[in-house]
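Here are a few short exercises to work through with the model open beside you. Try each one yourself before you read the solution.

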Amino acid sequence: VHRRGLAVAAREYLGWDMPKDLQASDWGVPALSADQIAYAALDAVAAPLLWHRLETDLHAKGRWEAYVLQRDAIMAAVEMEKAGIGIDIEALEEVIAEWSRKLSEARSLWQEETGTPPLETPNQVRQWLSHNLDSEVLANWPLTETDRQLSTSASSLERAAHLPAIRPLLEIKRLEKLLSSFGPSLRDRISPVTGRIHANYLVAGTKSGRWSCRAPNLQQMPGERLAPGFRAIFKAPPGRVLIGADYSQMELRAVAEISGDSSLRQVYEDGLDLHSITAAAMTGSTPDEVTREQRSRAKPVNFGSIYGMGAAGLAAAAWNGYRVEMTLAEARRALDAFFRKFPRLKTWMRENADRCQQMRRISIGAGRVVESAWEAKGIRYTQCCNLPVQGACADIMMRAVTRIHCRTHAEGVDAVLVAQIHDEVIVEAATELAAQVQQIIEEEMVAAFLETFPSAPVTGLVEIKTGKTWSDLK
């Protein structure tokens with residue numbers, strides 16, 4: 001509910017007002033002041049006093065299991081931060097130079113197409129759109145949620161990509177974003193001591209209990225669609241490889257178990273691909289006849305359905321997340337077809353939402369909750385559908401990274417976790433041990449899933465690839 005921190009917890013539980021002004025003082029001086037020593041000592045005193053209160057609360061409120069799960073994952077998170085992930089500095093410099101060159105070209109092309117300097121602010125883009133789009137397009141243009149102005153997001157602008165000037169504008173926005181987020185700022189995050197990126201992981205750092213990452217956020221590193229080849233800059237050093245292991249359709253598998261929908265569960269029992277099945281239903285074909293593009297169109301339908309989206313939400317999510325165009329009628333038909341196939345899932349979603357609204361809280365995973373009182377507008381239907389599934393997946397990932405960390409240490413294997421990205425873990429290992437480490441990772445990820453859902457089918461559950469760079473793992 002509040003910003004996390006020792007001072008906040010001490011105020012809430014102990015009634016202490018812990019001043020934090022010395023936090024920014026110089027702790028590198030030869031001799032600490034008496035005030036600095038007292039400040040540090042107070043932190044040490046607060047921790048055990050808080051624990052005596054918190055331990056009781058965790059048991060009383062049914063949160064103990066969630067606490068243990070998160071506590072046990074801390075060592076794996078510390079290991080990932082300390083190890084860091086390798087990065088090819090020269091390759092990053094080449095990428096920055098290439099992005100800068102292409103940005104200059106895009107700005108020149110815009111000027112050629114429009115006769116005006118490149119647009120620099122959202123309001124300038126809105127004015128340009130207002131003067132250059134016809135009335136019908138403007139009437140249906142997406143609006144910002146806060147002030148209901150024309151949206152200038154890349155996903156919105158791509159709807160007008162038929163206009164010649166929009167293409168360089170999109171390229172300008174894409175490259176400016178890449179350079180500001182993953183250019184010099186990423187270079188500045190490379191440790192001068194290790195030459196690696198040491199990101200900061202927050203165990204259960206999101207509302208659902210999923211991990212978050214910062215400084216830099218490796219979970220937001222652009223993929224092939226936005227920055228082709230970019231992830232190849234993350235590279236194992238000589239004599240070592242990266243091993244990427246990804247849970248296949250974990251959220252869909254999790255909701256099958258949570259909802260008790262036997263038809264959805266059977267899909268995974270039979271080792272089938274739900275995206276191909278949904279695509280076949282949408283196109284009137286068989287799963288074997290589904291094309292790659294048709295399968296991509298099915299992904300937002302599957303995920304939008306299990307998270308309680310309506311037709312409008314699905315159409316927006318399909319475009320924003322997958323660049324798949326869907327009309328409201330198409331989205332509505334797709335949702336209806338999905339739930340005709342999996343009716344028990346739909347029933348669970350409604351019943352669970354009613355139960356959450358009645359209890360004024362959403363129960364998540366191993367014992368976390370979201371209280372209605374914590375939400376500005378109360379808990380929403382989509383949250384009631386989304387958070388239990390994401391929370392269960394968070395539990396699985398915490399168990400997986402903990403198990404992989406413990407197993408590699410117990411067996412003395414030359415392998416270390418270097419990243420955790422959504423449903424994926426990345427391990428760096430000695431090249432000659434790649435096959436052994438792959439086996440360890442797969443066994444522990446499957447075991448973590450079964451620890452969460454003991455009777456779940458696990459055919460095709462984990463997909464593993466090995467390579468020298470992050471790009472090689474996809």
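Before we start: a residue is called buried under 20% relative accessible area, exposed over 50%, and partly exposed in between. Keep in mind that this is a predicted model.

**Exercise 1.** Classify both partners of the salt bridge between Glu-65 and Arg-399, and work out where in the chain they sit.

*Solution.* Start with the contact: the closest N and O atoms of Glu-65 and Arg-399 are 3.2 Å apart. Next, place the partners. Glu-65 belongs to helix H3 (residues 64-83) and Arg-399 to helix H17 (residues 381-410), so the bridge ties together distant parts of the chain, 334 residues apart. Now apply the cut-offs. Glu-65 has 45% relative accessibility, so it counts as partly exposed. Arg-399 comes in at 9%, so it is buried.

**Exercise 2.** Do the same for the pair Glu-269 and Arg-265, then see which residues make up the salt-bridge network that includes Glu-65.

*Solution.* The closest N and O atoms of Glu-269 and Arg-265 lie 3.3 Å apart. Both residues are in helix H11 (residues 262-269), four residues apart, or about one turn of the helix. Glu-269, at 40%, is partly exposed, and Arg-265, at 22%, is partly exposed too. As for the network, shared salt-bridge partners join Glu-65, Arg-399, Arg-403, Arg-407, Glu-411, Glu-443, Glu-444 and Glu-451. The whole structure has 33 salt bridges.

**Exercise 3.** Is strand S8 (residues 415-421) largely enclosed or open, and how does it pair with strand S9?

*Solution.* First check burial: seven of the seven residues of S8 are buried, so the strand is largely enclosed by the rest of the structure. Then look at the partner. S9 (residues 424-430) runs antiparallel to S8, with six bridges between them. To get the register, find Ala-419, which stands opposite Ile-426 in S9. Finally, inspect the turn: the two strands make a hairpin with two residues between them, and His-422 there has a positive phi of about 55°.

**Exercise 4.** Which residues form the nonpolar surface patch that includes Leu-32, and how much accessible area do they have together?

*Solution.* Begin with Leu-32, in the loop between helix H1 (6-14) and helix H2 (34-60). With a relative accessible area of 38%, Leu-32 is partly exposed. Then add the other members: Trp-27 and Ile-37 complete the patch, and the three residues have about 270 Å² of accessible area together.

Notes. Residues numbered from 1 in each chain as written. Predicted model: local features only at pLDDT ≥ 70, side-chain atom pairs only at ≥ 80, totals over all residues. Heavy atoms only, no water. Buried < 20%, exposed > 50% of the residue type's maximum accessible area, 1.4 Å probe, protein only. Pairing = 2+ DSSP bridges. Patch = residues over 30% accessible without salt bridge, like charges linked within 9 Å, V, L, I, M, F, W, Y side chains within 5 Å. Areas by Shrake-Rupley, 256 points an atom, 1.4 Å probe, with all protein chains shown as cover. Salt bridge = Lys/Arg side-chain N within 4 Å of Asp/Glu carboxyl O.
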